[in-house]
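Please open the model in your viewer, with a cartoon for the backbone and sticks ready for selected side chains. The tour below moves from one selection to the next and says what can be found at each stop.

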Amino acid sequence: MASKKVSFRGLLGGAWRARNVRRLSTLAESNASAHSSQHLIDLEYQCSAHNYHPVPVVFSQAKGSSIWDPEGNRYIDFLSAYSAVNQGHSHPKIMKALVEQAEKLTLSSRAFYNDRFPVFAERLTSMFGYDMVLPMNTGAEGVETALKLARKWGYLKKGIPRDEAIIVSCCGCFHGRTIAVISMSCDNEATRGFSPLLPGHLKVDFGDSAALEKIFKEKGDRIAGFLFEPIQGEAGVVIPPDGYLQAVRDLCSKYKILMIADEIQSGLARSGKILACDWENVRPDLVILGKALGGGMLPVSAVLADKDVMLCIQPGEHGSTFGGNPLASAVAIASLDVIRDEKLAERSAQLGKELREQLLKIQQQFPDLIKEVRGRGLFNAVELNSKALFPITAYDICLKLKERGILAKPTHDSIIRLTPPLSISLDELTEGSKALKNVLKLDLPKMKKEKPNTPPPHTSSNVCDRCGRNLYNSS
Ligand SMILES: Cc1ncc(COP(=O)(O)O)c(C=O)c1O
């Protein structure tokens with residue numbers, strides 16, 4: 001089944017279109033003749049590490065929620081680069097900031113000052129109500145920074161004996177791929193073969209405040225921080241029970257433990273609020289931001305905290321050559337402007353409701369296939385019933401969605417995450433829902449006939465090596 005061919009011309013609007021449409025078309029045409037999608041996929045397979053399992057589509061151009069491959073086929077983005085493109089692809093205001101800053105100054109290193117970072121720091125801290133920011137690049141670096149801050153604070157301010165600081169994190173969490181971060185992971189693929197993992201970590205069930213209190217009671221004098229995602233993204237958009245965030249806040253205050261919210265994916269309007277912690281009006285001690293802070297253009301991450309915590313780190317103790325660079329700072333300021341000016345949090349809340357209504361109707365039509373539709377704002381997941389689906393997986397469904405012009409990515413065997421750019425239109429959302437309905441109604445029966453009935457998938461990857469829990473509740 002061929003994807004729709006739509007010219008760029010029909011999809012772009014206004015002055016931007018007049019200036020750029022010619023350039024875009026030319027580029028797309030030259031790409032199409034130079035490298036086919038298949039050639040590029042093969043080339044990458046040959047020359048790049050096999051550390052991902054992508055849906056086979058090649059991005060060549062993108063604008064807003066639309067993506068074009070080298071052949072000129074148009075797709076609608078329902079992943080947003082894991083929420084790094086909340087503002088939409090190639091947002092003109094962010095692009096303008098990028099280009100203007102690139103022409104002036106790109107990098108000073110923090111060996112010197114530059115004229116953009118202080119402005120970004122003031123902007124970010126005042127927007128989120130914290131004293132200070134520590135800028136980094138990727139999300140994982142932001143998490144590392146928060147862990148180091150928590151340990152340092154634990155020794156200096158809480159009086160934890162040397163080398164004994166503990167960080168508590170949640171089962172099913174995802175905070176990135178560095179050694180310290182995977183030392184907290186329950187994802188066997190992320191941890192197996194990379195041992196020894198770092199000591200100083202304890203796990204607790206996500207959403208279980210009683211279990212958290214038990215750990216705090218038993219080991220609280222050694223615990224420096226509790227790191228969590230307010231909504232777990234990679235685990236499949238797992239939303240904690242109402243009152244959990246407030247309970248975490250209260251427990252962290254009671255036991256003098258830093259509440260560290262990883263809002264790298266859930267933050268910056270994705271969940272229908274600026275921060276997902278805003279759903280319970282809770283103020284963490286540390287907030288980690290990334291992804292959409294760079295407007296889908298550059299890696300920009302940041303840790304926010306008050307002076308009591310932030311000033312535990314002294315000159316020379318932590319940093320990054322590119323952290324706080326003027327190009328990233330200019331892009332981040334524009335990215336925040338767009339989120340505010342275009343009211344993306346409100347938009348996400350409103351459109352998220354519409355999307356879930358559409359998805360719930362599809363669930364009513366296919367109650368055996370769809371186990372749950374859940375989400376907040378445009379942070380949504382459809383959990384499929386893997387037994388009913390077998391031998392088809394969520395990945396197979398995503399391949400069919402792609403053929404129908406919708407790009408989504410599975411998480412685990414049975415969950416499809418639906419996280420489009422927050423600038424997406426209602427019509428485009430409806431196209432996504434329709435495509436899912438058609439895949440289940442029209443494609444799935446054929447897929448089941450075509451796919452050999454291989455033995456049930458080996459599910460041990462869902463059972464955490466470390467805590468033995470069946471994490472993703474696959475059924
Ligand atoms: C909650 C969360 N934290 C951290 C990260 C890591 O970010 P990065 O891939 O930029 O290192 C991710 C990435 O998906 C994430 O979702």
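A residue is taken to be near a molecule if its C-beta atom, placed from the backbone, lies within 6 Å of it. Keep in mind from the start that this is a predicted model.

**The ligand and its shell**

Select the ligand together with its surroundings: of the 15 residues around it, Thr-138, Gly-139, Ala-140, Gly-176 and Gln-265 come nearest. Next, colour helix α7, residues 139–158, which gives the most to this shell, with 3 residues. If you then colour the shell by residue class, you will find 5 nonpolar, 7 polar and 3 charged residues.

**The whole chain, coloured by confidence**

Zoom out and colour by pLDDT, for which the chain has a mean of 91, while 90% of its residues reach 70 or more. The chain has 17 helices and 15 strands, and among its elements strand β9 (residues 286–289) has the highest mean pLDDT, 99, and helix α1 (residues 8–11) the lowest, 40. Select residues 1–28, where pLDDT stays under 50 and for which the model has 30 contacts beyond four places in sequence; the placement of this segment is best read with that confidence in mind.

Two further values describe the chain as a whole: of its 475 residues, 47% count as buried, and among contacts between residues at least 6 apart in sequence, 75% join residues at least 24 apart.

**The largest nonpolar core**

Now go inside, to the largest nonpolar core, which has 125 residues, and select Ala-146, Leu-258, Leu-286, Ala-302, Val-303 and Val-331, the members that touch the most other members. The largest share of this core, 9 residues, comes from helix α13, residues 326–341.

Centre the view on Leu-258 and show its contacts: leaving aside residues up to four places away in sequence, Leu-258 touches Ala-150, Trp-153, Ala-224, Gly-225, Cys-252, Asp-285, Leu-286 and Val-309.

**Strand β5 and its two partners**

Which residues of β5 point one way, and which the other? Ile-166, Val-168 and Cys-170 point one way and Ile-167 and Ser-169 the other, and all are buried. This is the pattern to look for, since in a regular strand the side chains alternate between the two faces of the sheet. Because 5 of the 5 residues of β5 (residues 166–170) are buried, this strand is largely enclosed by the rest of the structure.

Add strand β7 (residues 223–228), which pairs with β5 in the parallel sense over 4 bridges; here Ile-167 stands opposite Gly-225. Then add β6, which runs parallel to β5 and is joined to it by 4 bridges, with Ser-169 standing opposite Lys-203 of β6.

**An open sheet of four strands**

Select β1, β2, β3 and β13, which form an open sheet of 4 strands in the order β1-β2-β3-β13, with mixed pairing. The strands β1 (61–63) and β13 (406–407) stand at the edges and have a single partner strand each, so one side of each is left without a neighbour in the sheet. For a closer look, take strand β3 (residues 74–77), which runs parallel to β13 and is joined to it by 2 bridges; the bridge partner of Ile-76 in β13 is Ile-406.

**Backbone details to finish**

The last selections concern backbone geometry, and a general point helps in reading them: most residues other than glycine have a negative phi, and most peptide bonds are trans.

Select Ser-195 and Pro-196, which are joined by a cis peptide bond with omega of about 0 degrees; Pro-196 lies in the loop between α9 (188–191) and β6 (201–204). A cis peptide bond also joins Phe-390 and Pro-391, with omega of about 10 degrees, and Pro-391 is placed in the loop between α15 (386–389) and α16 (394–403).

Go next to Lys-256, in the loop between α11 (244–254) and β8 (258–262), where phi is positive, about 50 degrees, although this residue is not a glycine. Lys-256 counts as partly exposed, because it has 15 C-beta neighbours inside 10 Å.

End at Leu-268, in the loop between β8 and β9, which has a positive phi near 55 degrees and is likewise a residue other than glycine. Is Leu-268 buried or exposed? With 29 other C-beta atoms within 10 Å, Leu-268 is buried, since the cut-off is 20 or more.

Definitions and conventions. Residues are numbered from 1 along each chain as its sequence is written. This is a predicted model: local features need pLDDT of at least 70, side-chain atom pairs count only at pLDDT 80 or more; totals for chains, interfaces and linings use all residues. Ala, Val, Leu, Ile, Met, Phe, Trp, Tyr, Cys and Pro count as nonpolar, Asp, Glu, Lys and Arg as charged, and the others, Gly among them, as polar. A nonpolar core is a set of buried Ala, Val, Leu, Ile, Met, Phe, Trp, Tyr and Cys residues joined through C-beta atoms within 7 Å. A residue is buried if 20 or more other C-beta atoms lie within 10 Å of its own, exposed if 12 or fewer, and partly exposed in between; C-beta atoms are placed from the backbone. Two residues are in contact if their C-beta atoms, placed from the backbone, lie within 7 Å. Two strands pair if DSSP finds at least two bridges between them. pLDDT is the predictor's confidence in each residue, from 0 to 100.
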